[in-house]
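Hi,

Here is the structure I said I'd pass on to you. Have a look at it first, and then read my notes underneath.

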Amino acid sequence: MLPLFLDLAGRRVVLVGGGRVAAAKLPAIVAAGADVRVVAPAIDADIERAGVSIERRGFVPADLDEAWLVVAAATPAVNREVAEAAGARRIFVNAVDDPANATAFLSGVVGRDGVTIAISTNGDAPALTALLREALDALLPRDLSSWLAEARRQRAIWRREGVAMQKRRPLLLEALNALYGKSGGAGGAGRAGGAGESGGAGKSTGPTRPTSPTSPTSPSEAKTGHVSLVGAGPGDPALLTRKALARLRGADLVLYDALIDEHILRFARRAQRFFVGKRAGRHPLTQSAIHALMIRAARRGRQVVRLKGGDPFVFGRGGEEALALRAAGVPFDVVPGVTSAVAAPALAGIPVTHRGLASAFLVVSGHDEEAFASAIAGVEPGGTTIVALMGVGRSAALAGRLIDRGWTRATPAAVIVDASMPGQQVWRGTLDDLAAERADIIAAGPGTIVVGAVVALAAQIHKAEASQGAPEIVRGYVSRR
């Protein structure tokens, strides 16, 4: 691949697709000053707010007339159609997460103080691109702007004095060393202005590398880093705490888990955002690597937010991270979040405790069937509400374990998916329905299972009609965005 930086100012860029993936690509294109046209039958609200030209319809090849670049963020079939039309017009295509239909690949970018570093894996390994981006960003000095200003000043001197290109690199190292009060030449002979003096280039016998502020001798070492373990709540940005918002707004680096809503990440406007979550068995970073990343960044003076769904200490490994930070001597605090163990039932109209029905509730992980069975072994059926997180995909097996433990098949049960989000789904039925896989719900997001007599209160609280004993599916209870 030939790496390029494109000047798109005033040039037509066509974005095919109107969903959240397309919306995520749009800001960088707009920031480049491009004349953007979006083509899609349905348009995400963020795209509508961007002030770009929008065509609400399907793609046609003529959309690429006068285009310099096209970004395809639609279905593979549409992306393929875009690629064919672009090929006929000799226009490069960036097909998002679809390398088969792409001829251009956007890169991971580290941009700071006028310096841009781009990393590409030819579209094959975006997670590796993100890792390399974070590593490079950690290596760059925090006062890079002074390096750039000095390099520009020196370049003007070299051009005026006719200094050969091969001599400029050691001279630049001398000049940058001088910013930190250190000489680049042997015996202290080197000076930042050496290029303008007779024989100045020849006096340097071995310029040292400039001291980075991340090194122990850097003048900015006094800045104290800090880590905040922050709970993001169940998903809706409106459920963030004020303290969580403050931590995000003051962050230099945000390490966030899967399922964190993009609207929440936008509160960290000046921070680098780095995904470290786990999805469908894919682990970009091990837990120990996450610990090392937090510790290293904090020791370099950065304000770090470790952002987790729900509450950091409820199945979030927040305790492990707090212990690792404590052992490393890194200052940290914990910002609690609204746990979905309580929020999801509440938003579905289910109180986890209710006088006369349940005096206690048990929160248990559902991702391991044996661990679930062990957790409920000491709970008498009936008087305690069971709330299972991360178990929607195993709901039938978990229901079977409860029935085996003595819970009646007629016990009310509920499944809530995407709690607090516009696409929230709530299914209500019985434990028998759940065990028989009759829960008609699309488990596309995080889910919560609730079992107990309190589930029956939801119909009264939401003033829904009685279900006549049949399972009920309700979608879209809330939409606060």
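Below is what turned up, going through the sheets, then the cores and then a cavity.

Keep in mind that this is a predicted model.

Let's begin with the strands. Strands of a sheet pair through backbone hydrogen bonds, either parallel or antiparallel. One open sheet here has five strands in the order β3-β2-β1-β4-β5, with parallel pairing. Its edges are β3 (53-55) and β5 (92-95); each has a single partner strand, so one side of each is left without a neighbour in the sheet. On average, neighbouring strands of this sheet are turned by 20° against each other, direction ignored. If you want a pair to zoom in on, try β4 (residues 69-72) and β5, which are joined in the parallel sense by four bridges. There you'll find leucine 69 opposite phenylalanine 92 of β5.

Further along the chain, five strands make an open, parallel sheet in the order β10-β9-β11-β8-β12. Here β10 (272-275) and β12 (332-335) are at the edges with a single partner strand each, which means that one side of each has no neighbour in the sheet. Inside this sheet, β8 (residues 226-231) pairs with β11 (residues 303-308) in the parallel sense over six bridges, and valine 227 sits opposite valine 304 in β11.

Two helices are worth finding next. Helix α7 (residues 242-249) lies across β8, β9 (253-256), β11 and β12, at about 135° to β12. Helix α9 (residues 287-299) lies across β8, β9, β10 and β11, and runs at about 155° to β11.

Now for the cores. Which residues have the most contacts inside the largest nonpolar core? They are Phe372, Ile386, Leu402, Val415 and Val451, in a core of 21 residues. Helix α13 (395-405) is one of the elements that give two or more residues to this core, and its four residues are the largest share. Leaving aside neighbours within four places in sequence, isoleucine 386 is in contact with residues including Phe372, Leu402, Trp407 and Val451. A second, separate core has 19 residues, among them Leu229, Leu285, Ala297 and Ala322.

Last, the empty space. How many cavities of 30 Å³ or more does a search of the whole structure find? The search finds one, and about 40 Å³ of space lies in the largest cavity. Some names from the core come back here: Phe372, Ile386, Leu402 and Val451 are among the residues lining this cavity. Helix α13 gives the largest share of the lining, four residues.

Have fun exploring!

Technical notes:
Residues are numbered from 1 along each chain as its sequence is written. This is a predicted model: local features need pLDDT of at least 70, side-chain atom pairs count only at pLDDT 80 or more; totals for chains, interfaces and linings use all residues. Side-chain values use heavy atoms; hydrogens and water are left out. Two strands pair if DSSP finds at least two bridges between them. Axes are lines fitted to C-alpha atoms, for helices over the stretch in contact, and angles run from 0 to 180 degrees between N-to-C directions. A nonpolar core is a set of buried Ala, Val, Leu, Ile, Met, Phe, Trp, Tyr and Cys residues joined through side-chain atoms within 4.5 Å. Buried means under 20% relative accessible area, exposed over 50%, partly exposed in between (1.4 Å probe, protein chains only). Contact means heavy atoms within 4.5 Å. On a 1 Å grid over the protein atoms alone, a cavity is a set of points where a 1.4 Å probe fits but cannot get out, and a pocket is an open set with protein on both sides within 12 Å along at least five of seven lines; lining residues have an atom within 4 Å of a point. Grid points are joined across faces, edges and corners, and a volume is the space filled by probe spheres set on the points.
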